[in-house]
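Student: I am new to this structure and would like a close look at a single part of it. Could you start with one loop and then lead me through what surrounds it?

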Amino acid sequence: MSRSDQTLADARNTLNRVRSDHSIGMKSRALKRGHFWKKVGYMAIAAGTVIVGAGIVGAIIDGIGFGGVMLTGLTIAGSVAFFYRYPRMEMPTPEKLRQGDLKTLAGKTEIWLESQRLALPPPAITLIDSIGVQLDALAPQLQTLDEKSDAAREVRKLVGEHLPELVTGYRRIPETMRKEARGGRTPEEQLVHGLGVIEREIASTTRAIAEGEVDKLAIQGRFLELKYDGVADS
């Protein structure tokens, strides 16, 4: 590989990493920030422990000397490097989205969607970003929603079941078949259509919960079109 080809490959890899790290909503960004500061806390504890340990050893043997200072510094650097990389943030799965805490459902769904972006066509990525905005709007309503209420069950179906099912159904289709029309639409068109429906439903659900009109949450019936017009059936 020539130097220019290597430079282009490196640039492409960097761009892909930036895209994959893109936050589509404030809730996913907040979860990532919380995870980062937790790791910073681990770094501080590790560094403090090493310093205290070095101080105790120094008091016992009347100083640790230059070599001890260097060893202490290297140990601190190693601890910081370790906790910078670990523990890695746990990636939500569709199963965990269906069963997890309702209060963090919006943020974790955003994180899961972010991990799917690179595998989706550009029109779908645009809708994924829009869904992130809608999930941010839904999140405050989920903080006070009864986990056992009809509204909570419908939200879980919409966000934790139908949305992942649509995206994973599309990804299961071989790339060579994603532009082949079946039933009047290609799988890519079906994906974009389904994501558009979900985006509108999340907005409608947010308004319904905010207004206390639970009877408006008849989501399941409106999602029959995803079952019969969805990607997974292509």
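Tutor: Let's begin at Asp 62, which sits in the loop between α2 and α3. This is a predicted model, so the values below are all computed from its atoms. The phi angle of Asp 62 is near 65°, a positive value in a residue that is not glycine. That deserves a second glance, because most residues other than glycine have a negative phi, and most peptide bonds are trans. Asp 62 is also exposed, because its relative accessibility is 75% and the cut-off for exposed is over 50%.

On one side of this loop is helix α2, which covers residues 26–61 and holds Gly 53. With 28% relative accessibility, Gly 53 counts as partly exposed. Gly 53 and Thr 72 are 19 residues apart along the chain, and 9.1 Å separates their C-alpha atoms.

The next loop has a feature of its own. Pro 87 lies between α3 (65–85) and α4 (94–99), and the peptide bond leading from Tyr 86 to Pro 87 is cis, with omega near -5°.

Further along comes helix α5, made of residues 105–116. Its 12 residues reach 17 Å from the first C-alpha to the last, close to the 16 Å expected at 1.5 Å a residue. This helix is mostly covered, with 10 of its 12 residues buried. Among them are Leu 105, Ile 111, Trp 112 and Leu 113, and also Glu 110 and Glu 114.

Helix α6 follows, running over residues 122–142. Its 21 residues should span 30 Å at 1.5 Å a residue, and its end C-alpha atoms are 30 Å apart, so the two values agree. The buried residues of α6 include Leu 127, Ile 128, Ile 131, Leu 135 and Leu 138, along with Gln 134 and Asp 136. The buried residues of this helix pack against α2, α5, α7 and α8, and α2 is the helix that leads into the loop of Asp 62. Ser 130 also belongs to α6, and at 24% relative accessibility Ser 130 counts as partly exposed. Ser 130 and Glu 199 are 69 residues apart in sequence, while their C-alpha atoms are 7.2 Å apart in space.

Two of the partners of α6 also pack against each other. Helix α7 (residues 150–171) and helix α8 (residues 187–211) meet at an angle of about 170°, with their axes 10 Å apart. That angle makes α7 roughly antiparallel to α8. On the α7 side the contact includes Val 155, Leu 158, His 162, Leu 163 and Leu 166, and on the α8 side it includes Leu 191, Gly 194, Leu 195, Ile 198 and Ile 202. Sorted by kind, the residues of this contact divide into 12 nonpolar, three polar and two charged.

Charged side chains add another kind of link. Side chains of opposite charge can pair when their charged atoms come close. A search of the whole structure finds six salt bridges, and three of them can be traced around α7 and α8. One joins Arg 153 and Asp 150, with 2.1 Å from N to O. Both of these residues lie in α7, three residues apart, about one turn of the helix. Arg 153 is partly exposed at 42% relative accessibility, and Asp 150 is partly exposed at 48%. Another salt bridge joins Glu 147 and Arg 156 at 2.7 Å, N to O. Glu 147 counts as partly exposed at 34% relative accessibility, whereas Arg 156 counts as buried at 14%. A further one pairs Glu 188 with Lys 179 at 3.2 Å, N to O. Lys 179 is exposed, with a relative accessible area of 62%, and Glu 188 also takes part in the contact of α8 with α7.

Finally, let's step back to the whole chain. The protein chain has 10 helices and zero strands. Buried residues make up 37% of its 234 residues. Among contacts between residues at least 6 apart in sequence, 74% join residues at least 24 apart.

Technical notes. Residues are numbered from 1 along each chain as its sequence is written. This is a predicted model: local features need pLDDT of at least 70, side-chain atom pairs count only at pLDDT 80 or more; totals for chains, interfaces and linings use all residues. Side-chain values use heavy atoms; hydrogens and water are left out. Helices (H or I, at least four residues) and strands (E, at least two) are DSSP runs, numbered from the N terminus. The expected span of a helix is 1.5 Å times one less than its number of residues. Buried means under 20% relative accessible area, exposed over 50%, partly exposed in between (1.4 Å probe, protein chains only). Axes are lines fitted to C-alpha atoms, for helices over the stretch in contact, and angles run from 0 to 180 degrees between N-to-C directions. Angles under 35 degrees count as roughly parallel, over 145 as roughly antiparallel, 65 to 115 as roughly perpendicular and the rest as oblique. Contact means heavy atoms within 4.5 Å. Ala, Val, Leu, Ile, Met, Phe, Trp, Tyr, Cys and Pro count as nonpolar, Asp, Glu, Lys and Arg as charged, and the others, Gly among them, as polar. A salt bridge is a side-chain nitrogen of Lys or Arg within 4 Å of a carboxyl oxygen of Asp or Glu.
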